[in-house]
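The following exercises ask the reader to work through salt bridges, pockets and individual residues by inspection. Each task is followed by a solution in steps.

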Amino acid sequence: MGCIQSIACKSRIKRENIVVYDVSATIDHSPTSIEENSPIVLRYKTPYFKASARIVMPPIPRNETWVVGWIQACTQMEFYNTYNDIGMSSWELPELREGLVRAISDSDGVSYPWYGNTTETVTLAGPTSKPLRFTVSMNDNFYPSVTWAVPISDNNLPLLTRIKRDQSFTTWLVALNTATREKILLQTVKWRMRVDILVDPSMPLGSRATLMGQTHQDQPRVLTHMEPIPPNALGRPNANDAQVLMWRPRKGPPLVVIPPK
């Protein structure tokens, strides 16, 4: 009665009314690059994972606000730096390592649950009278520093001999009602990044490291089904805050070098 043409009386947002197209998920077809510019650390830079999608949202009812964007979580991480036969340092996510959680948020640490809040999300406030068309996109890569010397040593003697990293992520495209926290899953992507670097610390700086294994990364998989988002993927802590740097000597007990934040 009296609401036939009213935006406020239109049916609520449903999955079947949201159009998702031109979904793209790729990893650049280039090898990991290695930087040996510093006498303190080796740096490496992986190719970028990139995801984007074009979306058409139906008209938004009055008093509703929806955010559409990308949420990402780390689901597996192995990150070992070997120092001759002395031991190895490792970045670890303890709860993930011990199987206590299935995923850790990979948010920027500010925009929970979103991966970021620039190109990664679009906010839609009702009422709107027409369908809304937009694109959301994100990218991610690794660009860390690894010390040439044993992390707990008092000198800069280069002893690093191997870097191995194998990390997996799940990335979701989601529409979220900001008031009710209702989530509509629109797409699920899985991807993996692997790094294997052999180091000869006896060589001069600039010629120590060699990229091993496959030159290019496996391409991401855009799933044909929706995978649910584990609760730990939606809030604090994110992976950067939860990770711990351990020193695991060949002999003796492991030591925490950098605790979680």
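**Exercise 1.** In this predicted model, determine whether Asp-166 is buried or exposed, and describe the salt bridge that Asp-166 forms.

*Solution.*
Step 1. The relative accessibility of Asp-166 is 13%. Buried means under 20%, so Asp-166 counts as buried.
Step 2. The partner of Asp-166 is Arg-192, and the closest N and O atoms of this salt bridge are 2.6 Å apart.
Step 3. Asp-166 belongs to strand E11 and Arg-192 to strand E12, so the salt bridge ties together parts that are 26 residues apart in sequence.
Step 4. Arg-192 has a relative accessibility of 36% and therefore counts as partly exposed. The salt bridge thus joins a buried Asp-166 to a partly exposed Arg-192.

**Exercise 2.** State how many salt bridges the structure holds, and identify residues that are joined into one network by shared partners.

*Solution.*
Step 1. The principle is that side chains of opposite charge can pair when their charged atoms come close.
Step 2. The count for the structure is 11 salt bridges.
Step 3. Glu-92, Arg-97, Glu-98 and Arg-248 form one network, joined by salt bridges that share partners.

**Exercise 3.** Locate the salt bridge between Lys-50 and Asp-28 and give the accessibility of each partner.

*Solution.*
Step 1. The closest N and O atoms of Lys-50 and Asp-28 lie 3.4 Å apart.
Step 2. Lys-50 is found in strand E4 (residues 49-57), while Asp-28 is in the loop between E1 and strand E2 (33-35); the pair therefore ties together parts that are 22 residues apart in sequence.
Step 3. With a relative accessibility of 36%, Lys-50 counts as partly exposed. Asp-28, at 24%, also counts as partly exposed.

**Exercise 4.** Describe the surroundings of Arg-12: its place in the chain, its accessibility and its contacts.

*Solution.*
Step 1. Arg-12 is situated in the segment before E1, a strand that spans 19-27.
Step 2. Its relative accessibility is 47%, so Arg-12 counts as partly exposed.
Step 3. When neighbours within four places in sequence are set aside, Arg-12 is in contact with Asn-17 and Glu-182.
Step 4. With Glu-182, the side chain of Arg-12 makes a salt bridge of 2.9 Å, N to O. The two residues are 170 residues apart, Glu-182 being in the loop between E11 and E12, and the pair links distant parts of the chain.
Step 5. Glu-182 counts as partly exposed because its relative accessibility is 27%.
Step 6. For comparison, Pro-31 is 19 residues from Arg-12 along the chain, and the C-alpha atoms of these two residues are separated by 46 Å.

**Exercise 5.** Characterise the largest pocket by its volume, its lining and the elements that supply residues to that lining.

*Solution.*
Step 1. The volume of the largest pocket is about 310 Å³.
Step 2. Its lining has 18 residues, and those closest to the centre are Asp-106, Asp-140, Phe-142, Arg-165 and Asn-240.
Step 3. At least two lining residues come from each of strand E5 (65-83), strand E11 (160-177) and helix H2 (239-242). E11 gives the most, with three residues.
Step 4. By class, the lining comprises nine nonpolar, five polar and four charged residues.

**Exercise 6.** Carry out the corresponding analysis for the second largest pocket.

*Solution.*
Step 1. The second largest pocket has a volume of about 200 Å³.
Step 2. Of its 15 lining residues, Arg-165, Arg-194, Val-195, Asp-196 and Met-212 are the closest to the centre.
Step 3. E5, E11 and strand E12 (183-199) each contribute at least two residues to this lining.
Step 4. The lining is made up of four nonpolar, five polar and six charged residues.

**Exercise 7.** Establish where Val-41 lies, whether Val-41 is buried or exposed, and which residues are in contact with Val-41.

*Solution.*
Step 1. Val-41 is placed in strand E3, which covers residues 41-45.
Step 2. Its relative accessibility is 17%, so Val-41 counts as buried.
Step 3. Apart from neighbours within four places in sequence, Val-41 is in contact with Ser-145, Val-146, Thr-147 and Trp-148.
Step 4. Asn-156 is 115 residues from Val-41 along the chain, and their C-alpha atoms are separated by 9.5 Å.

Key:
Residues are numbered from 1 along each chain as its sequence is written. This is a predicted model: local features need pLDDT of at least 70, side-chain atom pairs count only at pLDDT 80 or more; totals for chains, interfaces and linings use all residues. Side-chain values use heavy atoms; hydrogens and water are left out. Helices (H or I, at least four residues) and strands (E, at least two) are DSSP runs, numbered from the N terminus. Buried means under 20% relative accessible area, exposed over 50%, partly exposed in between (1.4 Å probe, protein chains only). Contact means heavy atoms within 4.5 Å. On a 1 Å grid over the protein atoms alone, a cavity is a set of points where a 1.4 Å probe fits but cannot get out, and a pocket is an open set with protein on both sides within 12 Å along at least five of seven lines; lining residues have an atom within 4 Å of a point. Grid points are joined across faces, edges and corners, and a volume is the space filled by probe spheres set on the points. Ala, Val, Leu, Ile, Met, Phe, Trp, Tyr, Cys and Pro count as nonpolar, Asp, Glu, Lys and Arg as charged, and the others, Gly among them, as polar. A salt bridge is a side-chain nitrogen of Lys or Arg within 4 Å of a carboxyl oxygen of Asp or Glu.
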